Amino acid sequence: MSNIFIQAIGLIGTALFFLSFQCKSNKNLFKVQFLSYLFYTIHLILLGAITGGISYIINTFRSFCLGSKIEFARSKKMCVVICIMQLAALVATWSGWLSLLPVAANIAATIGGYTHNARKIRIVGMFVNSPLWIIYDIIVGSWAGILDEVVSEISMIISIIRYGWKNLDKINE
(Lines give C-alpha, C1' and ligand atoms only; values in the text may rest on other atoms or scores of the structure.)
Protein backbone atom coordinates (compact mmCIF):
# COMPACT_ATOMS: atom_id res chain seq x y z
CA MET A 1 0.00 0.00 0.00
CA SER A 2 1.28 3.47 -0.85
CA ASN A 3 2.95 5.39 1.97
CA ILE A 4 1.13 8.51 0.75
CA PHE A 5 -2.23 6.76 1.17
CA ILE A 6 -1.25 5.55 4.66
CA GLN A 7 -0.18 9.08 5.65
CA ALA A 8 -3.47 10.47 4.21
CA ILE A 9 -5.47 8.16 6.48
CA GLY A 10 -3.52 9.58 9.41
CA LEU A 11 -4.14 13.14 8.22
CA ILE A 12 -7.89 12.58 8.44
CA GLY A 13 -7.34 11.56 12.05
CA THR A 14 -5.27 14.73 12.57
CA ALA A 15 -8.06 16.97 11.27
CA LEU A 16 -10.62 15.31 13.50
CA PHE A 17 -8.40 15.47 16.57
CA PHE A 18 -7.80 19.20 16.00
CA LEU A 19 -11.55 19.76 15.81
CA SER A 20 -12.11 17.79 19.03
CA PHE A 21 -10.46 20.42 21.24
CA GLN A 22 -12.73 23.08 19.78
CA CYS A 23 -15.68 21.32 21.41
CA LYS A 24 -16.53 23.02 24.69
CA SER A 25 -18.37 19.96 26.00
CA ASN A 26 -16.12 17.08 27.05
CA LYS A 27 -18.79 14.68 25.77
CA ASN A 28 -18.52 16.09 22.24
CA LEU A 29 -14.71 16.24 22.53
CA PHE A 30 -14.64 12.49 23.21
CA LYS A 31 -17.09 11.70 20.40
CA VAL A 32 -14.94 13.50 17.81
CA GLN A 33 -11.79 11.89 19.25
CA PHE A 34 -13.47 8.50 18.85
CA LEU A 35 -13.58 9.02 15.07
CA SER A 36 -10.03 10.36 15.04
CA TYR A 37 -8.74 7.28 16.85
CA LEU A 38 -10.37 4.96 14.32
CA PHE A 39 -8.36 6.59 11.53
CA TYR A 40 -5.18 6.51 13.59
CA THR A 41 -5.61 2.84 14.41
CA ILE A 42 -5.72 1.98 10.72
CA HIS A 43 -2.83 4.36 9.96
CA LEU A 44 -0.48 2.94 12.59
CA ILE A 45 -1.26 -0.69 11.87
CA LEU A 46 -0.57 -0.09 8.18
CA LEU A 47 2.78 1.45 9.19
CA GLY A 48 3.58 -1.69 11.22
CA ALA A 49 3.45 0.22 14.53
CA ILE A 50 1.43 -2.47 16.27
CA THR A 51 1.67 -1.22 19.88
CA GLY A 52 0.53 2.24 18.78
CA GLY A 53 -2.26 0.79 16.67
CA ILE A 54 -3.57 -1.44 19.46
CA SER A 55 -3.29 1.48 21.90
CA TYR A 56 -5.47 3.54 19.58
CA ILE A 57 -8.07 0.77 19.51
CA ILE A 58 -8.18 1.09 23.29
CA ASN A 59 -8.33 4.89 22.95
CA THR A 60 -11.32 4.47 20.66
CA PHE A 61 -13.01 2.41 23.36
CA ARG A 62 -12.00 4.99 26.00
CA SER A 63 -13.54 7.83 23.99
CA PHE A 64 -16.71 5.81 23.52
CA CYS A 65 -16.87 5.28 27.29
CA LEU A 66 -16.13 8.89 28.20
CA GLY A 67 -18.69 10.16 25.69
CA SER A 68 -21.28 7.63 26.82
CA LYS A 69 -24.38 8.18 28.94
CA ILE A 70 -23.69 4.88 30.72
CA GLU A 71 -22.57 5.74 34.25
CA PHE A 72 -20.23 2.75 34.64
CA ALA A 73 -18.45 3.61 31.38
CA ARG A 74 -17.66 7.05 32.81
CA SER A 75 -16.64 5.75 36.26
CA LYS A 76 -13.24 5.48 37.93
CA LYS A 77 -13.60 1.68 37.75
CA MET A 78 -13.68 1.86 33.95
CA CYS A 79 -10.59 4.07 34.09
CA VAL A 80 -8.78 1.25 35.89
CA VAL A 81 -10.08 -1.32 33.38
CA ILE A 82 -8.83 0.76 30.45
CA CYS A 83 -5.40 1.28 32.05
CA ILE A 84 -5.15 -2.49 32.57
CA MET A 85 -6.10 -2.99 28.90
CA GLN A 86 -3.23 -0.65 27.92
CA LEU A 87 -0.80 -2.67 30.05
CA ALA A 88 -2.07 -5.92 28.49
CA ALA A 89 -1.53 -4.39 25.03
CA LEU A 90 2.01 -3.48 26.07
CA VAL A 91 2.77 -7.06 27.12
CA ALA A 92 1.11 -8.55 24.01
CA THR A 93 2.89 -6.27 21.53
CA TRP A 94 6.20 -5.72 23.32
CA SER A 95 8.96 -4.80 20.90
CA GLY A 96 11.36 -3.10 23.27
CA TRP A 97 11.39 0.25 25.05
CA LEU A 98 9.61 1.89 22.11
CA SER A 99 6.42 0.06 23.12
CA LEU A 100 6.39 1.98 26.40
CA LEU A 101 5.83 5.37 24.76
CA PRO A 102 2.28 5.05 23.40
CA VAL A 103 1.12 3.02 26.39
CA ALA A 104 2.49 5.52 28.94
CA ALA A 105 0.98 8.39 26.92
CA ASN A 106 -2.40 6.70 26.77
CA ILE A 107 -2.49 5.72 30.43
CA ALA A 108 -1.79 9.36 31.33
CA ALA A 109 -4.50 10.56 28.91
CA THR A 110 -6.94 7.99 30.30
CA ILE A 111 -6.39 9.15 33.86
CA GLY A 112 -6.67 12.77 32.74
CA GLY A 113 -9.87 12.07 30.81
CA TYR A 114 -11.48 10.34 33.75
CA THR A 115 -11.05 13.42 35.93
CA HIS A 116 -13.77 14.91 33.67
CA ASN A 117 -11.95 18.21 34.17
CA ALA A 118 -11.20 20.10 30.96
CA ARG A 119 -8.13 21.81 32.42
CA LYS A 120 -6.57 18.53 33.58
CA ILE A 121 -7.37 16.89 30.25
CA ARG A 122 -5.45 19.64 28.46
CA ILE A 123 -2.53 19.63 30.95
CA VAL A 124 -2.02 15.90 30.46
CA GLY A 125 -2.38 16.29 26.71
CA MET A 126 0.14 19.12 26.47
CA PHE A 127 2.81 17.88 28.86
CA VAL A 128 2.62 14.07 28.79
CA ASN A 129 0.52 12.58 25.99
CA SER A 130 1.64 14.69 23.02
CA PRO A 131 5.38 14.70 23.84
CA LEU A 132 5.49 10.90 24.20
CA TRP A 133 3.50 10.38 21.01
CA ILE A 134 5.75 12.80 19.07
CA ILE A 135 8.80 10.72 19.96
CA TYR A 136 6.99 7.49 19.01
CA ASP A 137 5.70 8.95 15.74
CA ILE A 138 9.16 10.15 14.73
CA ILE A 139 10.61 6.70 15.31
CA VAL A 140 7.84 4.76 13.49
CA GLY A 141 7.65 7.24 10.60
CA SER A 142 4.15 8.57 11.18
CA TRP A 143 4.32 12.03 9.65
CA ALA A 144 0.58 12.40 10.16
CA GLY A 145 1.08 11.48 13.82
CA ILE A 146 3.77 14.12 14.30
CA LEU A 147 1.54 16.70 12.66
CA ASP A 148 -1.38 15.52 14.80
CA GLU A 149 0.52 16.10 18.01
CA VAL A 150 1.80 19.53 16.95
CA VAL A 151 -1.70 20.53 15.80
CA SER A 152 -3.17 19.10 19.02
CA GLU A 153 -0.82 21.23 21.10
CA ILE A 154 -1.87 24.30 19.11
CA SER A 155 -5.54 23.35 19.41
CA MET A 156 -5.26 22.93 23.19
CA ILE A 157 -3.62 26.37 23.47
CA ILE A 158 -6.38 27.89 21.31
CA SER A 159 -9.05 26.29 23.50
CA ILE A 160 -7.38 27.69 26.63
CA ILE A 161 -7.36 31.16 25.08
CA ARG A 162 -10.90 30.75 23.76
CA TYR A 163 -12.58 29.43 26.92
CA GLY A 164 -10.23 30.84 29.55
CA TRP A 165 -7.99 28.84 31.87
CA LYS A 166 -10.31 29.32 34.87
CA ASN A 167 -13.38 28.25 32.91
CA LEU A 168 -11.69 24.96 32.01
CA ASP A 169 -11.27 24.00 35.66
CA LYS A 170 -14.86 22.84 35.98
CA ILE A 171 -16.04 19.28 35.92
CA ASN A 172 -17.77 19.23 32.57
CA GLU A 173 -19.83 16.32 31.43
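A cavity, as the word is used here, is a set of grid points where a 1.4 Å probe fits but cannot get out, and its lining residues have an atom within 4 Å of a point. With that settled, the space inside this predicted model can be described. Rolling a probe the size of a water molecule over the atoms shows where empty space is left. Here the structure turns out to hold 1 cavity of 30 Å³ or more, and about 210 Å³ of space lies in the largest cavity. It is lined by 23 residues, of which Phe17, Tyr37, Arg62, Ala109 and Asn129 come closest to its centre.

Which helix gives the most to the lining of the largest cavity? That is H6, with 6 residues. At least two lining residues apiece come from H2, H3, helix H5 (100-113), H6 and helix H7 (143-163). As for the chemistry of this wall, the lining splits into 11 nonpolar, 9 polar and 3 charged residues.

Two of the residues closest to the cavity centre, Phe17 and Tyr37, also turn up among the aromatic pairs. A pair of aromatic rings is described by the distance of the centres and the angle of the planes. The model has 6 aromatic pairs in total. In the pair made by Phe17 and Tyr37, the ring centres sit 5.8 Å apart and the planes meet at 40°, so this pair is tilted. The two residues are 20 apart in the chain, with Phe17 in helix H1 (residues 3-20) and Tyr37 in helix H2 (residues 26-47), and their pairing links distant parts of it. Phe17 is buried at a relative accessible area of 6%, and Tyr37 is likewise buried at 4%.

Another tilted pair is formed by Tyr56 and Trp133, at 4.7 Å centre to centre and 40° between the planes. This one bridges 77 residues of sequence, from Tyr56 in helix H3 (residues 50-66) to Trp133 in helix H6 (residues 118-140). Tyr56 has a relative accessible area of 4% and Trp133 one of 1%; both fall under the 20% cut-off, so both count as buried. Taken together, ring pairs join Phe17, Tyr37, Tyr40, Tyr56, Trp133 and Tyr136 into a cluster.

Some of these rings belong to the nonpolar core as well. In soluble globular proteins, nonpolar side chains tend to be buried together. In this model the largest nonpolar core has 37 residues, and those touching the most other members are Tyr56, Cys65, Ile82, Tyr114, Trp133 and Tyr136. Two or more core residues come from each of H1, H2, H3, helix H4 (76-93), H5, H6 and H7. Leaving aside residues up to four places away in sequence, Tyr136 touches Ala49, Ile50, Thr51, Gly52, Leu98, Leu101 and Pro102.

Away from the core, two partly exposed positions are worth a look. Leu47 lies in helix H2 and is partly exposed, with a relative accessible area of 23%. Again not counting residues up to four places away, its contacts are Asn3, Ile6, Gln7, Val140, Gly141 and Ser142. Gly112, by contrast, is 65 residues from Leu47 in sequence and 28 Å from it in space, C-alpha to C-alpha. Ser25 sits in the loop between H1 and H2 and is partly exposed at 22%. Along the chain, 93 residues separate Ser25 from Ala118, while their C-alpha atoms are 8.7 Å apart.

Technical notes
Residues are numbered from 1 along each chain as its sequence is written. This is a predicted model: local features need pLDDT of at least 70, side-chain atom pairs count only at pLDDT 80 or more; totals for chains, interfaces and linings use all residues. Side-chain values use heavy atoms; hydrogens and water are left out. Rings of Phe, Tyr and Trp (its six-membered ring) pair if their centres lie within 6.5 Å; planes under 30 degrees apart count as stacked, over 60 as edge-to-face and the rest as tilted. Helices (H or I, at least four residues) and strands (E, at least two) are DSSP runs, numbered from the N terminus. Buried means under 20% relative accessible area, exposed over 50%, partly exposed in between (1.4 Å probe, protein chains only). Contact means heavy atoms within 4.5 Å. On a 1 Å grid over the protein atoms alone, a cavity is a set of points where a 1.4 Å probe fits but cannot get out, and a pocket is an open set with protein on both sides within 12 Å along at least five of seven lines; lining residues have an atom within 4 Å of a point. Grid points are joined across faces, edges and corners, and a volume is the space filled by probe spheres set on the points. Ala, Val, Leu, Ile, Met, Phe, Trp, Tyr, Cys and Pro count as nonpolar, Asp, Glu, Lys and Arg as charged, and the others, Gly among them, as polar. A nonpolar core is a set of buried Ala, Val, Leu, Ile, Met, Phe, Trp, Tyr and Cys residues joined through side-chain atoms within 4.5 Å.
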